[in-house]
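Here's a quick briefing to read with the model open beside you. Start by scrolling through it once, then come back for the details.

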Amino acid sequence: MLKRVLLILLLLAISKFSHTPHLLVTDPSTWTNSSVWDYNATLWSILHPGSEFYTSYTYGFDLEFILRKIAHLSFFGILGLLFYWNLKEQRYRYLKAWLCLAAFAFLDEVHQAFIIGRDGRIVDVMIDSCGAALMLFILYKVRKSSTR
C-alpha cells in the first residue's frame with residue numbers, strides 16, 4: 001500500500017511542478033506561482049513536425065539548467081523504481097516499468113507545453129527515461145548480486 005501511495009504522491013508532485021509557470025529551481029519563491037494555461041496552444045501546435053517540442057534548448061547552460069536536469073534524472077529515476085515496485089513479479093517487469101515511466105514523461109512534457117512560462121521538450125523525455133533506465137539498471141545489478 002505504501003508503494004502505491006508514494007507512486008501517486010510523486011506523480012502528483014511532478015505534475016504540480018510541471019504546472020508551475022516560470023519555475024526556477026534556484027528560487028523557491030517561484031515554486032508556488034499560479035498556473036496560467038496557454039489557451040492558444042493545441043496538441044497539433046505542440047507536436048507537429050518542426051515544432052519547438054523537437055528542438056534543443058534555447059536558454060543557456062548555467063546553474064539553473066544543470067539543477068533542472070539533475071532534478072529530471074533523479075525524480076524520474078525514483079519514479080521508475082516506484083513503477084517497478086508497483087508491478088507484479090512477472091517477465092519484462094523492468095521494461096514495463098520503464099515504458100510506464102517513458103509514457104508519463106512524454107505526457108508530462110506535453111502538459112508543460114500548455115503552460116505559459118514553461119516549455120515541453122522531447123529532450124527532457126529522453127533525460128527522464130535515461131534517469132529511470134539508470135536506476136532500474138542499478139536495481140537489477142543490486143538484486144542480481146544479492147541472489148548470489
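A residue counts as buried when its relative accessible area is under 20%. By that cut-off Tyr84 is buried, because its relative accessible area is just 2%. Keep in mind that this is a predicted model. The chain is built from five helices and zero strands, and we'll get to Tyr84 and its partners after a look at the whole.

**The overall picture**
- Going along the sequence, you read the pattern α-α-α-α-α.
- The C-alpha trace spans about 55 × 35 × 30 Å along its principal axes.
- Of the chain's 148 residues, 36% are counted as buried.
- Take the contacts with a separation of 6 or more: 69% of them come from residues 24 or more positions apart.

**Surface and charge**
- The accessible surface adds up to about 9100 Å², and carbon and sulfur atoms own 71% of that.
- There are 15 positive and 11 negative side chains.
- The centres of those two charge sets sit 18 Å apart.

**Aromatics: the Phe53 and Phe106 pair**
- Searching the whole structure turns up nine aromatic pairs.
- In one of them, the rings of Phe53 and Phe106 have centres 5.8 Å apart and planes at 85°, so this pair is edge-to-face.
- Phe53 is in the loop between α2 (43-47) and α3 (63-85), while Phe106 is in helix α4 (residues 93-113), so the pair ties together parts 53 residues apart in sequence.
- Phe53 is buried, at 2% relative accessible area.
- Phe106, on the other hand, counts as partly exposed, with 30% relative accessibility.
- Add Tyr54 to Phe53 and Phe106 and you've got one aromatic cluster.

**Aromatics: back to Tyr84**
- Tyr84 forms a stacked aromatic pair with Tyr94, at 4.6 Å centre to centre and 25° between the planes.
- Why does this pair tie together parts that are ten residues apart in sequence? Because Tyr84 lies in helix α3 and Tyr94 lies in helix α4.
- Tyr94 is partly exposed, with a relative accessible area of 23%, whereas Tyr84 is buried.
- Tyr84 has a charged neighbour too: Arg93 lies over the face of its ring, 3.9 Å from the ring centre.

Key. Residues numbered from 1 in each chain as written. Predicted model: local features only at pLDDT ≥ 70, side-chain atom pairs only at ≥ 80, totals over all residues. Heavy atoms only, no water. Helix = DSSP H or I, 4+ residues; strand = E, 2+ residues; numbered from the N terminus. Buried < 20%, exposed > 50% of the residue type's maximum accessible area, 1.4 Å probe, protein only. Contact = heavy atoms within 4.5 Å. Areas by Shrake-Rupley, 256 points an atom, 1.4 Å probe, with all protein chains shown as cover. Lys, Arg positive; Asp, Glu negative; His and termini not counted. Charge placed at Lys NZ, Arg CZ, Asp CG, Glu CD. Phe/Tyr/Trp six-rings, centres within 6.5 Å; stacked < 30°, edge-to-face > 60°. Lys NZ or Arg CZ within 6 Å of the ring centre and 35° of its normal.
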